[in-house]
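Open the model in your viewer and keep the sequence panel beside it. The tour below goes stop by stop, with something to select at each one.

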Amino acid sequence: MNARAARATARVEAQAKLNLFLRVGPREPSGYHELETLFQRISLADTVTVRTGVPGRTLDCRGADAGPMESNLAWRAALAFSAACGWPDCFAIEIQKRIPVGGGLGGGSADAAAVLRALNAIAPRTLKAEALSLLALGLGADVPYLVSELPLALGRGRGERLFGFDPLPPRDVILLIPPFGVSSAGAFAAWDTAHTAPSPAPPALLTSQSHLDWNTVAKCAANDLEEPVFAQHPEIAALQRALAKAGAQIAHMTGSGSTAFGLFEPGTALAQSLGIDARTLGVTMIRATTVERVAAVELI
């Protein structure tokens with residue numbers, strides 16, 4: 001093993017994601033649902049730093065309570081990479097959290113993907129993209145997308161079958177984040193309760209040959225999990241309505257919630273957000289943009 005791989009540091013901006021649309025198909029024998037979703041990365045990001053050649057194995061997460069270390073996806077990603085490659089024996093992970101926890105923005109998944117990408121960049125023998133994606137799938141449905149180099153992608157299956165599209169021009173984003181999260185398992189359980197009869201997989205909205213522009217995306221935009229989640233949390237529906245009233249071209253819940261997002265023409269989000277009273281709504285408002293490329297791994 002060379003000295004660079006034995007003692008090295010890599011840093012990644014772990015970008016959050018939006019589900020521009022999300023459709024839920026039938027439950028498979030594996031227990032998971034067949035999904036179709038359009039992923040888009042945004043500028044909101046955690047900073048993930050990975051060091052090797054250090055004593056022991058550590059995780060330092062700042063800015064939010066990310067739960068017990070053993071269940072942290074970034075920690076599990078490092079263990080999975082080590083088990084698959086026989087390296088590294090020791091590592092230190094530092095995460096500066098900015099992506100809200102439990103909001104449907106893929107923060108934990110983005111951190112896990114960042115750890116995989118960082119370790120792969122400094123490993124003595126790197127994994128090919130297919131092997132890295134397989135490790136990612138073992139960590140969660142969003143991780144294969146977030147470990148990829150695709151800023152905009154159609155995901156099918158559990159989200160692991162990815163079809164990339166040319167990036168779309170940036171759009172301003174307003175995120176409205178309630179002071180509570182929504183459990184993905186709970187959201188899908190509520191979906192199952194409301195859809196007890198077996199249903200066929202919905203026809204594909206897009207194909208890998210589709211030409212995308214924001215008008216096409218807006219016509220497809222929807223989230224099947226909104227119905228059961230809104231029934232339990234009507235305040236999220238109110239956030240969606242507030243964003244639509246403010247002039248968002250697309251206003252929906254992302255993932256299983258609890259975050260509602262609005263996409264606006266460039267340069268308009270600041271003005272439009274003035275019509276949204278975050279304090280009255282009892283939420284945190286974050287402004288961001290969609291991005292045209294995935295943040296690169298920085299070797300330090």
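Contact here means heavy atoms within 4.5 Å. Keep that cut-off in mind for the packing described below, and note that this is a predicted model.

**Stop 1: helix α4**

Select α4, residues 129-137. Its buried residues are Leu132, Leu135, Ala136 and Leu137. Show their neighbours as well: the buried residues of α4 pack against α2, α3 and α5. The next stops take up two of these partners, α5 and α2.

**Stop 2: valine 147**

Move to α5, which covers residues 143-147, and pick valine 147 within this helix. Is valine 147 buried or exposed? Its relative accessibility is 9%, and buried means under 20%, so valine 147 counts as buried.

Now display what surrounds this side chain. Leaving out residues up to four places away in sequence, valine 147 touches Arg41, Ala113, Leu116, Arg117, Leu132, Ser133 and Ala136. Draw a distance between the C-alpha atoms of valine 147 and leucine 116: the two are 7.2 Å apart in space, although 31 residues separate them in sequence.

**Stop 3: helix α2**

Select α2, residues 73-85. This helix has 13 residues, and from its first C-alpha to its last it reaches 18 Å, close to the 18 Å expected at 1.5 Å a residue. Colour its buried residues, which are Leu73, Ala74, Trp75, Ala77, Ala78, Phe81 and Ser82. They pack against β3, β4, α3 and α4.

Look next at the two ends. At the N-terminal end, asparagine 72 acts as a cap, with a side-chain oxygen 2.8 Å from the backbone nitrogen of alanine 74. Just after the helix, glycine 86 takes a positive phi of about 70°.

**Stop 4: two cis peptide bonds**

Continue along the chain into the loop between α2 and β4, where proline 88 is found. The peptide bond from tryptophan 87 to proline 88 is cis, with omega near 0°. Then jump to the loop between β8 (250-253) and β9 (260-264), which holds serine 258. Here a cis peptide bond joins glycine 257 and serine 258, with omega about 20°.

**Stop 5: the largest pocket**

Switch on a surface. How much volume does the largest pocket have? The value is about 1,000 Å³. Of the 43 residues in its lining, select Ser109, Ala141, Asp142, Ser184 and Ser256, which are the closest to its centre. The elements that give two or more residues to this lining are β1 (9-27), β2 (33-52), α2 (73-85), α3 (107-122) and α6 (184-194). By class, the pocket lining divides into 16 nonpolar, 20 polar and seven charged residues.

**Stop 6: the cavity**

Rolling a probe the size of a water molecule over the atoms shows where empty space is left. How many cavities of 30 Å³ or more does a search of the whole structure find? The search finds one, and about 50 Å³ of space lies in the largest cavity.

To see its walls, select Val12, Glu13, Ala14, Gln15, Arg41, Ala110, Ala113, Ala114, Arg117, Leu146 and Val294. β1 and α3 each supply at least two residues of this lining. Its residues comprise seven nonpolar, one polar and three charged. Some names recur from the second stop: Arg41, Ala113 and Arg117 line the cavity and are among the residues that valine 147 touches.

Terms used. Residues numbered from 1 in each chain as written. Predicted model: local features only at pLDDT ≥ 70, side-chain atom pairs only at ≥ 80, totals over all residues. Heavy atoms only, no water. Helix = DSSP H or I, 4+ residues; strand = E, 2+ residues; numbered from the N terminus. Buried < 20%, exposed > 50% of the residue type's maximum accessible area, 1.4 Å probe, protein only. 1 Å grid on protein atoms, 1.4 Å probe; cavity = no way out; pocket = protein on both sides within 12 Å on 5 of 7 lines; lining within 4 Å. Points joined across faces, edges and corners; volume = space filled by probe spheres on them. Nonpolar A, V, L, I, M, F, W, Y, C, P; charged D, E, K, R; others polar. Expected span 1.5 Å × (residues − 1). Polar contact = N/O pair within 3.5 Å; in protein donor to acceptor, adjacent residues only side chain to side chain.
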